[in-house]
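Here is a short report for a reader new to this structure. It starts at one residue and works outward to the whole chain.

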Amino acid sequence: SSPTFEVTGVQIEVGKVATSYEHRSLGTELQLCQRYYQKDITRRAFWGSGNVGDRQFPVHFITEMRATPSISFHSTSLDSGSASAHSATRQGYNFNMSGSGRFYEWAHTANAEL
């Protein structure tokens with residue numbers, strides 16, 4: 001009544017010669033995926049004793065991205081001021097703290113999808 005067709009473990013190739021099926025570890029697969037998309041699951045924090053505005057905090061990605069990603073913040077907590085990403089590269093970015101705040105907490109999403 002509800003027909004389904006499920007396929008796993010398929011490798012499609014172009015050419016007349018078949019090659020061995022490529023087996024990758026879970027860690028390798030995760031690292032390859034992280035080249036396209038990374039999302040913090042824990043928040044990073046910076047506290048200062050006084051105005052920490054207009055300072056930058058370097059953030060490094062888990063895995064080098066395939067291209068310079070767009071950076072967005074899906075979770076922030078600031079006592080005052082604003083947060084932005086500057087000088088993004090494939091390896092990371094600088095978290096820019098602006099305003100008169102003393103406390104900045106954030107989590108980012110880095111997206112370098114096609």
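S82 sits in strand β5. This is a predicted model. S82 is partly exposed, because its relative accessible area is 37%, and the partly exposed class runs from 20% to 50%. Leaving aside neighbours within four places in sequence, S82 is in contact with N96, M97, S98 and Y104. With one of these, S98, there is a polar contact between side chains, at 2.7 Å. A67 is another matter: 15 residues separate S82 and A67 in sequence, and their C-alpha atoms are 26 Å apart.

**The β5–β6 hairpin**

Strand β5 covers residues 82-86 and pairs with β6 in the antiparallel sense, over five bridges. Within this pairing, A83 stands opposite M97 of β6. The two strands form a hairpin with five residues between them. S87 lies in that loop between β5 and β6. Its phi is positive, about 55 degrees, although S87 is not a glycine. Is S87 buried or exposed? S87 counts as exposed, because its relative accessibility of 53% is over the 50% cut-off.

**The nonpolar core**

M97 returns in the largest nonpolar core. Which residues make up this core? There are eleven: V59, F61, M65, I71, Y93, F95, M97, Y104, W106, A110 and A112. Strands β6 (92-98) and β7 (103-111) each supply at least two of them. In soluble globular proteins, nonpolar side chains tend to be buried together.

A110 is one member of the core. Not counting residues up to four places away in sequence, A110 touches Y36, Y37, Q38, F61, M65, P69, S70 and I71. Among these, F61, M65 and I71 belong to the core as well.

**Aromatic pairs**

A search of the whole structure finds six aromatic pairs. Two pairs that involve F95 are set out here.

| Pair | Distance between ring centres | Angle between planes | Kind |
|---|---|---|---|
| F95 and Y104 | 6.4 Å | 75 degrees | edge-to-face |
| F95 and W106 | 3.5 Å | 5 degrees | stacked |

Why is the pair of F95 and W106 called stacked? The planes of F95 and W106 are 5 degrees apart, so the pair falls under the 30 degrees that stacking requires. F95 lies in strand β6 and W106 in strand β7, so this pair ties together parts that are eleven residues apart in sequence. The rings of F95 and Y104 have planes at 75 degrees, so that pair is over the 60 degrees needed for edge-to-face.

How accessible are these rings' residues? Both F95 and Y104 are buried. For F95, the relative accessible area is 0%. W106 is buried too, at 0% relative accessibility. Ring pairs also build a wider group: F57, F61, F73, Y93, F95, Y104 and W106 are linked into a cluster.

**A buried threonine**

T63 is placed in the loop between β3 (55-60) and β4 (70-78). Is T63 buried or exposed? T63 is buried, because its relative accessible area of 9% is under the 20% cut-off. Setting aside residues up to four places away in sequence, T63 touches Q31, Q34, R35, Q38 and R90. With Q34, the side chain of T63 makes a polar contact of 3.0 Å.

**Before the helix**

Y21 lies in the segment before α1 (26-34). Y21 is partly exposed, with a relative accessible area of 39%. Not counting residues up to four places away in sequence, Y21 touches G9, V10 and Q11. Y21 and V10 are eleven residues apart along the chain, and their C-alpha atoms are 8.3 Å apart.

**The whole chain**

How many helices and strands does the protein have? It has one helix and seven strands. Along the sequence they follow the pattern α-β-β-β-β-β-β-β. The radius of gyration is 21 Å, well over the 13 Å that the globule rule gives for 114 residues, so the protein is more spread out than a compact globule. Taken along the principal axes, the C-alpha atoms fill a box of roughly 65 × 40 × 20 Å. Of the 114 residues, 25% count as buried. Among contacts with a separation of 6 or more, 71% are between residues 24 or more positions apart.

How values were computed: Residues are numbered from 1 along each chain as its sequence is written. This is a predicted model: local features need pLDDT of at least 70, side-chain atom pairs count only at pLDDT 80 or more; totals for chains, interfaces and linings use all residues. Side-chain values use heavy atoms; hydrogens and water are left out. Helices (H or I, at least four residues) and strands (E, at least two) are DSSP runs, numbered from the N terminus. Buried means under 20% relative accessible area, exposed over 50%, partly exposed in between (1.4 Å probe, protein chains only). A polar contact is a pair of N or O atoms within 3.5 Å; within protein, one must be able to donate a hydrogen and the other to accept it, and residues adjacent in sequence count only if both atoms are side-chain atoms. Contact means heavy atoms within 4.5 Å. A nonpolar core is a set of buried Ala, Val, Leu, Ile, Met, Phe, Trp, Tyr and Cys residues joined through side-chain atoms within 4.5 Å. Two strands pair if DSSP finds at least two bridges between them. Rings of Phe, Tyr and Trp (its six-membered ring) pair if their centres lie within 6.5 Å; planes under 30 degrees apart count as stacked, over 60 as edge-to-face and the rest as tilted. The radius of gyration is taken over C-alpha atoms; the globule rule is 2.2 Å times the number of residues to the power 0.38.
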